[in-house]
Protein chains: 2
Amino acid sequence: MQTSFLQHPNIQYTKQKLKLTAARLVNNHVNLAVTGLSGSGKTAFITSLVNQLIEANEAAHLPFFSVVRESRLIGVKRDVQPNLTFSRFAYEDAMVKLTQTSPEWPSSTKGISQVRLKIKYKKSRGLSQYLTEDATLTLDITDYPGEWLLDLPLLDMDYAQWSRHCQEELNDPLRHDIAGPFFTAVNRLDLNAEGDELALQKIAELYSQYLIDCQTRGYQLLQPGRFILPGELSGAPVLHFFPLTDVQLQQQRGDLNKPVKGSNVELLSQRFEHYKTKVVQPFYKDHFKGFDRQVVLVDCLSALNRGFHSYQDLQKALDWLMGSFQYGSSNILNRLFQPKIDKLVFAASKADHITPEQQTNLVKLLESMLHSARKQIQFDGVSTESTAISAIRASKSGLSQLNGESIPVLQGRNEQGASITLFPGEVPQSCPSPDFWKQQKFEFPKLSPPLMNTQYVLPHIRMDQVLDFLLADKLI
Amino acid sequence: MQTSFLQHPNIQYTKQKLKLTAARLVNNHVNLAVTGLSGSGKTAFITSLVNQLIEANEAAHLPFFSVVRESRLIGVKRDVQPNLTFSRFAYEDAMVKLTQTSPEWPSSTKGISQVRLKIKYKKSRGLSQYLTEDATLTLDITDYPGEWLLDLPLLDMDYAQWSRHCQEELNDPLRHDIAGPFFTAVNRLDLNAEGDELALQKIAELYSQYLIDCQTRGYQLLQPGRFILPGELSGAPVLHFFPLTDVQLQQQRGDLNKPVKGSNVELLSQRFEHYKTKVVQPFYKDHFKGFDRQVVLVDCLSALNRGFHSYQDLQKALDWLMGSFQYGSSNILNRLFQPKIDKLVFAASKADHITPEQQTNLVKLLESMLHSARKQIQFDGVSTESTAISAIRASKSGLSQLNGESIPVLQGRNEQGASITLFPGEVPQSCPSPDFWKQQKFEFPKLSPPLMNTQYVLPHIRMDQVLDFLLADKLI
């Protein structure tokens, strides 16, 4: 080939140019899925990601983002989003809240919103020695409620299977207690009697209340997601169903395939199916089909704070989530939506709530949670990375003297806005035993956002590394 | 044929039976559109219609509804609605509000909701002398915000035409005043500059505020309807557009077909088109395509109360509405959605707010408003009827002595719930001149709902006649 190049440099040049142009046409677009359970920090993450890119003008702020370090980033602008019928991601509102005299965290996600960025950059010299022009990468980010994310596995279940799954969850004594009013009502229902829509609606409301109460107490694995955040489906009969109890499942055995026509149990089963085909399936089809890359945010620290039940539930929710995101295998997401994700970051969020030397432990803890799922994903040829980040860093780290010893501390502002200095404690490298929580509690703090004064670039931890992992190969 | 019948009675019998069965299969479903501008009483109408049918058990209450008068109505039950992703029409909630100790009017329509009724009846002897079985008619009713109803004509306009239409509306001095902040902002916008989404959003919010303020002052012809009641589109860029001013339209002449790429004016035009294809068209396609029969509710009295500007605007809104509902002609609704409506009732609502002898005038006033549109509809072979109704009657009529003379009066409860006796005045037979309002005002009262005590059947005026017109031929 080298010979050929020497013989016909112009022809070879044209070929190479064509090849590069084609590559650029294919690669000039990244569709990023920012996934995470409710409260994991998706909105803060997207706000920070947009902020880092739009405001990027010095390498000091994003040292590990190669296109910035190499001074090749020309500029980033927000552009018209691909789907105009979704909300515009409220970046500007979030920045107003974060930069006001008493900064506030951005509001959490209540529906779907989008943001598109146009990233203009100089091509790296290595590849484009024959080309000098600038290039543009389009980055689309979609934000959506974490509550809706865990509904995917429902697509592989029928009503009886889903009921059994819910009953397993309800074996947890705390959950069982919370579900008291639901159990009282559902046990009174005659499944084979003529369908009573109002009765079903009332029991569904009790089930919905149970899920909301569970969320308040730190549970995450809560289906159906629209029961917690119905969006435009508020009041629609497609949400008026609930799982059968173990006793009812035994009584109905077999009959569930051929329920009495027009009976309560037929309505319930029909609505469950309707929820799958008219709510869950379109959501994944509209959003997950087109994603190229994915961030999975996990808030391990809040789960540790809340205790064993919450931590265990987070672990379950992640298993459940990763089970449905096993790219490359013949799993449900692939069969139905054929996504083409090739890079995946697992990020433990809120890493600014612990002292720096604990961050390695936080990543180890995250990896212990993802162990089995991650192995599967790597096997399937998706490039993955685990890290601990802070999208909007609310603390500074330092050293303090205690009994003559230097100990690492955090300085930040508590929820009331008062300055505090604290040592939040050690992060375990794997899940502590249930007994551990009986003896002591984790108390990672809740912090107010940083005071920005006149600054407009959000402080962060490792957002540059995440950006580099996600985008660097598309910015060459 | 008579000979043939005598020769082969059994064959003829079978033929007739088959014919009747086929007719019943075709006719066993009515899809009723209850249309009306915002505040015209759609929710009260549907609540009453459902109530009259479900509670119907004595002819005294529905004397003009033939199936009841002939004691052929067996029973009516609410059934599972056709589309489970829309809200369930809140009939039960409305009845709770209406039957409580201090009754309240049902909440107004904020989104789409549905109700399905199964009407079981005995077939009339005339036609079914060879058949004895009962029959069932399914009645589907969809409730939706009146604000969305006037968007249909937008489908036949481009962005420039729509802008011109809006500017004509804005020539009204009162509207022009209300639109002050919008004009200030829109005049500052450089249409050919690079698109500034945030600037467009802010001006669109001012335009939206102008529409909301107009509605408060009694205007009805307010587009785009989703700007007033966005539903799930709240915050979506598809709502971030507004009409150009006359000056801008002149400056842009011609350029509107080929706007500068990426400019503000291109974004505006694209969003207007997006609104048409992604919002208006699906709404009509999903709902209006399948309707068989239609009720158009018109609140003439409130418009008279509010003065000439409001009355004139109602007239315009009805022209605009009826223009788009000219069934049978080659109008836009037909071209796009091919509805098959064959019966149409125009009903002046709130007829309980005037004394009985004024109700003829109210119907005449309504007919004067609909004059031109109605002629067109009759020509197209749709059977129409005008009437004055009260879905939920909030007054009783009586006579009172004034200066030795008997005058007709109403007895009801004012908005604070106190009993009042009043003569609301005369209803004009056609639109009074603008000067009339300068000399005197109309003051038709606002009334609280009737005290139901232990009763559960809503009192009404002429709901039986409306039911008979809409359903009698399907209940034979």
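Mentor: A residue is called buried when its relative accessible area is under 20%. We shall apply that cut-off to a predicted model.

Trainee: Why does Leu229(A) count as buried?

Mentor: Leu229(A) has 13% relative accessibility, which is under the 20% limit, and therefore counts as buried. Its place is the loop between helix 10 (225–228) and helix 11 (246–252) of chain A.

Trainee: Which residues is Leu229(A) in contact with, leaving aside neighbours within four places in sequence?

Mentor: Leu229(A) contacts Thr109(A), Lys110(A), Pro145(A), Glu147(A) and Trp148(A). For Lys110(A), 119 residues away along the chain, the separation of the C-alpha atoms from Leu229(A) is 7.1 Å.

Trainee: Is Ser113(B), in strand 4 (residues 113–122) of chain B, buried or exposed?

Mentor: Ser113(B) is buried, because its relative accessible area is 9%, and the limit is 20%. Beyond four places in sequence, Ser113(B) touches Ser87(B), Arg88(B), Phe89(B), Ile141(B), Thr142(B) and Asp143(B).

Trainee: How should one read burial along a helix, and which residues of helix 9 of chain A are buried?

Mentor: In an α-helix there are 3.6 residues a turn, so residues three or four places apart point the same way. Helix 9 of chain A (residues 197–216) comprises 20 residues and spans 28 Å between its first and last C-alpha, close to the 28 Å expected. Its buried residues are Glu197(A), Leu200(A), Gln201(A), Ile203(A), Ala204(A), Tyr207(A), Ser208(A), Tyr210(A), Leu211(A) and Cys214(A). Helix 9 of chain A is followed by Gly218(A), which has a positive phi, near 100°.

Trainee: How is the interface between chain B and chain A to be described, and what area do they bury?

Mentor: Interface size is often given as the accessible area lost when the parts come together. Here chain B and chain A bury about 2,100 Å² between them, with 59% of it on carbon and sulfur atoms. Of the area that chain B buries against chain A, Leu84(B), Arg88(B) and Glu197(B) supply 30%, more than any other three residues. In terms of contacts, 26 residues of chain B meet 26 residues of chain A.

Trainee: How many salt bridges are there between chain B and chain A?

Mentor: There are four salt bridges between these chains. One pairs Glu194(A) with Lys77(B), where the closest N and O atoms are 2.3 Å apart. Polar contacts link 10 residue pairs between chain B and chain A.

Trainee: Which element of chain B gives the most to the side that touches chain A?

Mentor: Helix 12 of chain B gives the most, with four residues. The residues on that side of chain B divide into nine nonpolar, seven polar and 10 charged.

Methods: Residues numbered from 1 in each chain as written. Chains lettered and ligands numbered in written order. Predicted model: local features only at pLDDT ≥ 70, side-chain atom pairs only at ≥ 80, totals over all residues. Heavy atoms only, no water. Helix = DSSP H or I, 4+ residues; strand = E, 2+ residues; numbered from the N terminus. Expected span 1.5 Å × (residues − 1). Buried < 20%, exposed > 50% of the residue type's maximum accessible area, 1.4 Å probe, protein only. Contact = heavy atoms within 4.5 Å. Buried area = accessible area lost by both parts, 1.4 Å probe. Salt bridge = Lys/Arg side-chain N within 4 Å of Asp/Glu carboxyl O. Polar contact = N/O pair within 3.5 Å; in protein donor to acceptor, adjacent residues only side chain to side chain. Nonpolar A, V, L, I, M, F, W, Y, C, P; charged D, E, K, R; others polar.
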